[in-house]
Amino acid sequence: LKLILPTLDYKDEIMSYKREFIENGDRMYGTGRLKNAESFDIWYIALCNNSKEETVRKGLSPETIYLAISVDDGHLVGMISIRHRLSDYLLKFGGHIDYSVRKSERQKGYAKEMLRLALKECAKLNIKRVLITCHKDNISSKKVIINNGGKLENEIEEKNKISERYWITLD
């Protein structure tokens with residue numbers, strides 16, 4: 001598995017990824033609002049703008065979005081985003097990293113590897129402590145975070161859901 005930045009070359013793969021999530025009624029995390037984008041081009045422009053402090057949309061934290069690509073066949077298996085800094089809201093509920101794996105590729109260890117690779121990118125961004133949150137009932141995500149060194153700090157309730165807040169300290 002490798003993480004790469006989205007490019008126009010992956011347009012068809014990205015749109016296929018979006019369709020699979022919509023068809024399965026799944027929530028898409030770590031995609032820069034791909035699910036609600038009117039078109040690939042509009043999404044891609046926003047993704048590029050939101051990756052830099054100078055051009056990020058007001059109220060958002062700059063983030064870098066990566067495609068998780070299988071090195072075996074070049075297939076897009078997941079997407080992961082790294083927020084460069086935390087707003088007050090993200091400090092409570094969102095954290096630095098969001099990710100999703102397409103339903104057809106789940107339970108294959110991809111999320112664990114995606115997070116491992118994303119933590120290397122966090123180090124390059126000089127993020128020393130990485131916050132990752134997940135819903136308390138999301139056992140799979142909890143395991144991914146813990147397997148990558150996540151230490152539970154606390155739980156916070158929002159809109160009748162409990163989020164767990166994990167920190168990973170990077171060397």
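**Notebook: cavity, pocket and a three-stranded sheet**

I looked for enclosed space first and found 1 cavity of 30 Å³ or more in the structure. I note here that the model is a predicted one.

Entry 1, the cavity. I took down a volume of about 50 Å³ for the largest cavity. I then listed its lining, which consists of G32, R33, A46, L47, N50, E63 and I65. Among the elements, helix 2 (40-49) and strand 2 (63-69) are those that give two or more residues to this lining. Sorted by character, the lining residues of the largest cavity come out as 3 nonpolar, 2 polar and 2 charged.

Entry 2, the pocket. I turned to open space next, and the largest pocket holds about 1600 Å³. I counted 48 residues in its lining, and M28, Y29, G30, D98 and Y99 lie nearest the centre of the pocket. Several elements supply at least two lining residues each. I wrote down the strands as strand 3 (76-83), strand 4 (97-101), strand 5 (129-135) and strand 7 (161-169). The helices on that list are helix 3 (88-94), helix 4 (110-124) and helix 5 (139-147). The lining of the largest pocket divides into 14 nonpolar, 19 polar and 15 charged residues.

Entry 3, M28. I picked M28 from the residues nearest the pocket centre and looked up its place in the chain. M28 sits in the loop between helix 1 (11-24) and helix 2. Is M28 buried or exposed? I have M28 down as buried, because its relative accessibility is 13% and the cut-off for buried is under 20%. Which residues does M28 touch, leaving aside neighbours within four places in sequence? I found contacts with Y17, K18, F21, L34, K35 and S100. I also checked M28 against K112, which is 84 residues away along the chain, and their C-alpha atoms are separated by 17 Å.

Entry 4, the sheet. I traced an open sheet of 3 strands in the order 5-7-6, and the pairing is antiparallel. Strand 5 and strand 6 (151-158) are the edge strands; each has a single partner strand, so one side of each has no neighbour in the sheet. On average, neighbouring strands in this sheet are turned by 25° against each other, direction ignored. For the antiparallel pair of strand 5 and strand 7, I noted 7 bridges. I followed H135 across to strand 7, where its bridge partner is S163. Strand 5 and strand 7 also appear in Entry 2, since I had listed both there as supplying at least two residues of the pocket lining.

Definitions and conventions. Residues numbered from 1 in each chain as written. Predicted model: local features only at pLDDT ≥ 70, side-chain atom pairs only at ≥ 80, totals over all residues. Heavy atoms only, no water. 1 Å grid on protein atoms, 1.4 Å probe; cavity = no way out; pocket = protein on both sides within 12 Å on 5 of 7 lines; lining within 4 Å. Points joined across faces, edges and corners; volume = space filled by probe spheres on them. Nonpolar A, V, L, I, M, F, W, Y, C, P; charged D, E, K, R; others polar. Buried < 20%, exposed > 50% of the residue type's maximum accessible area, 1.4 Å probe, protein only. Contact = heavy atoms within 4.5 Å. Pairing = 2+ DSSP bridges. Axes fitted to C-alpha atoms, helices over the stretch in contact; angles between N-to-C directions.
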